[in-house]
Amino acid sequence: MPVASPVIDRLNLMPTSKARDLETVEGRRMLSALLAAARQEFVADIQRGHGGTTAHARFSNRMDDLIRHIVAAAHSQTPTPVAVAALGGYGRRTLCLQSDIDLLIVFDGRIGRPEERFVKGVLHPLWDLRLTVGHQVRVLRDFDELERDNPEFLLALLDARLLAGDGAVFKPAQERFRGSSVECREQILEALLQLMEQRYLQFNHTIYQLEPDVKDSPGGLRDITASRVFASLVEWPAPPSPLDRDNLDSAEDLLLRIRSVLHLEAGRNLNVLTHDLQEKAAETLRYEGAQPQQRVEALMGDYFRHARLVGRTLERARRLAGPAGRDTTRVALGLNLELTADGVGFVDPQRAATEPASWLHAFEAAMDRGVPVSDQSLDVFQRQAALYKPADYLPTPADRQRVLKFLHPRPGLYARLSQMLDCGLLPRLFPEFQAISFRVIRDFYHKYTVDEHTLLTIRGLERLLSPDQPSRERFSSILSELRAPELLVLALLFHDVGKWKEDNHAEESLRMAQSMLDRLDVSPDGRQDVEFLIGQHLQMSRAAFRRDSDDPAVVRQFSTIVGTEERLKMLCLMTLVDIEAVSTETLTAWREELLWRLYVDTYNQLTLGYGDEMIQREQKAVAALQATRPPDLSEAELARFLEGFPQRYLALFDPAHIYRHARLSRDIHPDEVHLFVEQKDDVWELAVVTLDKPYLFSNISGVLSYFGMDILRGSAMTSPAGLVLDIFQFTDHEGFFRFNPSATPQFETLLQDVVAGRQDVTALLQRKESGLLHRRGPRRVAPIVYFDNEHSQRYTVLEIVAQDALGLLYRISRVISRHGCDVDLVLISTEGNKAIDVFHLTKAAAKLSEPAQMALKEDLERMLEEGYETH
Amino acid sequence: MKLIKAIVRPNKVDDIKDALGKVNISGMTVTEVRGHGRQKGHTAIYRGKEYNVSLLPKMEIEVVVTDDLVDVAIQAIIGAARTGEIGDGRVFVIPVEHGYNIRTGERDVV
């Protein structure tokens with residue numbers, strides 16, 4: 001409620017003649033008293049927590065009175081008709097305690113000395129009062145054309161309000177800058193969008209700032225104004241809904257109440273709700289809580305909810321003001337869904353409200369079409385979400401798989417997840433997320449709430465799909481190589497849920513993720529990856545920034561933690577986007593470089609340097625394997641099988657697979673092959689155990705090529721005792737294994753014959769290979785053949801990067817064998833159309849000499865060049 | 001007064017801070033920098049492709065001390081930053097004419 005002010009009432013009644021001479025002591029005192037009284041009245045409102053819309057309007061009115069006195073006193077200086085108007089926030093009557101006074105002075109005629117004296121007569125008293133004045137002086141003719149190069153002024157004019165002077169001057173000016181021409185509207189839209197973009201960039205395009213600027217931040221006062229401007233520009237039948245109007249009014253009142261406290265406490269035009277001022281604001285605005293921190297959380301929760309509404313309203317208003325807003329067509333999408341100018345929504349919202357399993361469909365359809373989910377649908381979710389349990393949204397295994405598919409990184413994922421969070425669906429799907437809703441962690445670095453930081457990591461990943469900086473392209477290429485990037489997104493969603501607790505959040509996040517992994521039926525391999533990423537998500541930044549990553553021991557230790565290249569890639573990307581999502585300044589080029597160097601060194605350690613690190617009988621992992629060993633495997637049998645294989649083997653396979661491989665090694669004799677074939681999702685996996693002999697690896701990969709299998713990944717290991725374990729993952733495009741019940745025996749028979757030398761795989765492949773060579777088409781990947789004699793003490797490491805093709809591995813290994821080299825270890829990977837194969841070689845039980853390397857390199861390069869089209 | 005400027009390995013900053021703290025030197029400015037000394041960077045290999053890492057990430061530590069503490073500070077920094085390997089960094093000592101405390105306006109108070 002306003003407070004009656006006798007001082008102001010008396011001053012308002014002061015005769016104009018007396019107020020006219022403001023140069024006198026009495027005149028100056030009168031103005032000071034007017035301002036002091038207006039401020040006193042406003043301060044009383046602020047201190048009672050009522051410094052909102054009404055108080056701001058009243059303060060603006062008091063300022064109007066003061067300026068009218070000043071204009072009246074100065075008016076005699078000029079014979080030219082003149083108008084003085086309030087601009088911007090003052091024009092909208094949202095002048096705060098320490099706000100600038102933005103004025104427009106318009107003359108209907110040229111500006112000479114008398115007019116200059118008038119301007120001084122207006123400005124000097126205001127400056128004497130120590131007010132900060134932003135003034136614009138124009139003649140009426142200036143408004144014949146829009147000032148396109150001055151977007152701030154263009155927008156400030158929209159709120160121009162006559163304070164004093166000649167209405168006949170102001171009115172035509174106002175008509176010109178508020179012109180309803182298409183050109184005028186487009187200019188205003190352009191100016192608004194330009195300013196918004198600049199402003200949003202400053203705040204990393206997010207509402208959820210830990211120390212928000214209540215005026216400039218996304219969701220702040222400027223966005224309220226922008227929403228109203230957009231709405232005012234809409235001619236077609238899509239005015240702002242009453243809901244929008246209420247949202248904006250209520251948000252504006254809260255933001256103004258907060259701002260008034262900031263101005264009062266800081267004694268200057270400060271609009272940043274800093275951590276220190278949050279406590280004061282929470283107390284002044286009467287937020288409840290026994291402790292200051294609880295009151296702050298209540299205030300910030302309220303702030304973010306309102307800012308979110310502003311953001312949503314602005315987004316809607318902006319969309320409707322654009323060309324899409326004119327589109328009234330509705331496209332049926334099936335499943336009770338339709339596409340409108342507002343985005344993807346429900347044809348029958350009432351039905352949708354009772355079918356929570358259908359809600360994810362709306363987000364999927366929106367993702368597929370690159371549009372938002374409509375406000376109408378979000379309102380349905382917001383109202384109904386609390387009625388359902390997580391299982392209601394994902395009742396079937398197929399629904400649960402859809403969630404994982406939905407999380408595949410692609411443009412729009414951050415925006416849709418933000419919508420899910422805003423409408424309350426995300427914390428219903430993943431109740432663990434509720435613990436970090438609006439969670440504030442106060443430290444020197446973090447700038448956003450924990451939930452928003454989490455979503456920003458996913459935005460970072462999304463942006464890597466089309467990187468805007470050359471230095472990010474290297475990380476982008478890692479992302480494109482991931483086999484299941486949706487698992488990384490799932491891990492990112494959960495990596496900080498444990499931050500509701502103060503201590504060891506990685507451990508707590510991992511604990512909380514367990515129930516989610518159960519609910520989603522994530523595959524055992526996928527589950528292990530997600531658990532690894534959440535539990536170890538701080539390890540890479542620790543190794544890169546806090547330890548000497550130039551030290552090979554640090555790299556070796558870190559490579560032991562990650563175990564495989566796939567996990568290294570995921571952890572590297574996770575670290576990158578996690579740092580980037582802390583604030584806009586955290587991920588410096590310096591940090592990026594350190595991270596990349598650790599990635600490269602660890603990758604090299606995992607692929608080039610793993611050959612020397614053998615499994616030790618007494619190591620912990622072996623003891624654990626022995627402890628859970630099935631009864632049919634003896635301790636000695638398992639130990640014998642593992643002996644001489646590299647440590648990497650233990651990181652690649654789970655115990656069940658290791659036991660199976662050990663069984664395959666049972667009673668193996670020269671020229672015999674024991675194998676096992678199984679399907680894993682879309683790929684097949686072949687495990688072969690045999691005893692080493694020349695051309696063995698080439699023969700096995702040749703048989704796979706003969707059956708038309710496209711080898712994607714794999715590894716081959718040879719123990720010093722000559723036991724060979726080869727694992728291949730491949731796609732079976734022709735359905736040989738899928739549709740043929742006798743496929744495995746057929747395959748096994750041929751493999752036995754080839755390994756035993758009863759069949760010549762080269763002869764078998766001759767016709768097929770020739771066909772393949774002709775089908776290769778243009779070359780897109782320049783081949784690289786690289787020898788490394790440094791990383792391993794025992795082996796020469798050969799790394800080959802080449803365009804993937806059927807039979808490539810067979811051809812490479814054949815050339816290697818022809819040179820008399822023993823293939824002891826192999827890593828096979830395929831990334832898009834690129835094959836990356838790493839061979840650990842010896843020749844006559846020693847590393848390859850320089851001439852031997854040169855000769856092999858020459859032959860390999862020649863073979864890799866064959867068969868491509870030349871343009 | 002002297003300005004001590006040390007270019008060190010990134011992971012050594014905490015150790016140096018502790019070492020300086022033990023000799024009662026607490027103020028410092030730390031900056032991420034990149035550069036190379038005599039070793040002029042090195043060549044890294046990723047998937048068989050060589051690329052030159054000419055500018056290595058380092059940290060620059062700046063400390064202003066009174067003349068009588070210069071040697072103590074340098075010993076603390078070197079003791080904490082040294083690994084004995086190439087790339088341990090450098091320490092420079094630069095004379096300072098005056099220093100002012102912005103809040104109090106005091107002059108030459110470290």
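Which helix of chain A lies across β5, β6 and β7 of chain A? In this predicted model, the answer is helix α15, made of residues 359-369, which runs at about 155 degrees to β7(A).

To see what α15(A) lies across, it helps to turn to the strands themselves. In chain A, 3 strands form an open sheet, arranged in the order β5-β6-β7, and their pairing is antiparallel. The strands β5 (331-334) and β7 (343-346) of chain A stand at the edges of this sheet, and because each has a single partner strand, one side of each is left without a neighbour in the sheet. On average, and with direction ignored, neighbouring strands of this sheet are turned by 35 degrees against each other. In general, the strands of a sheet pair through backbone hydrogen bonds, in either a parallel or an antiparallel way. Here, β5(A) and strand β6 of chain A, which covers residues 337-340, pair in the antiparallel sense over 3 bridges. Within this part of the sheet, Ala332(A) stands opposite Glu338(A), a residue of β6(A).

A second part of the picture is the contact between the two chains, to which chain A brings 18 residues and chain B brings 15 residues. On the side of chain A that touches chain B, at least two residues each come from α26 (539-546), α29 (589-607), β12 (784-788) and β13 (796-803) of chain A, and the element that gives the most is α29(A), with 7 residues. Sorted by class, this side of chain A has 9 nonpolar, 2 polar and 7 charged residues.

Terms used
Residues are numbered from 1 along each chain as its sequence is written. Chains are lettered from A and ligands numbered from 1 in the order in which they are written. This is a predicted model: local features need pLDDT of at least 70, side-chain atom pairs count only at pLDDT 80 or more; totals for chains, interfaces and linings use all residues. Two residues are in contact if their C-beta atoms, placed from the backbone, lie within 7 Å. Helices (H or I, at least four residues) and strands (E, at least two) are DSSP runs, numbered from the N terminus. Ala, Val, Leu, Ile, Met, Phe, Trp, Tyr, Cys and Pro count as nonpolar, Asp, Glu, Lys and Arg as charged, and the others, Gly among them, as polar. Two strands pair if DSSP finds at least two bridges between them. Axes are lines fitted to C-alpha atoms, for helices over the stretch in contact, and angles run from 0 to 180 degrees between N-to-C directions.
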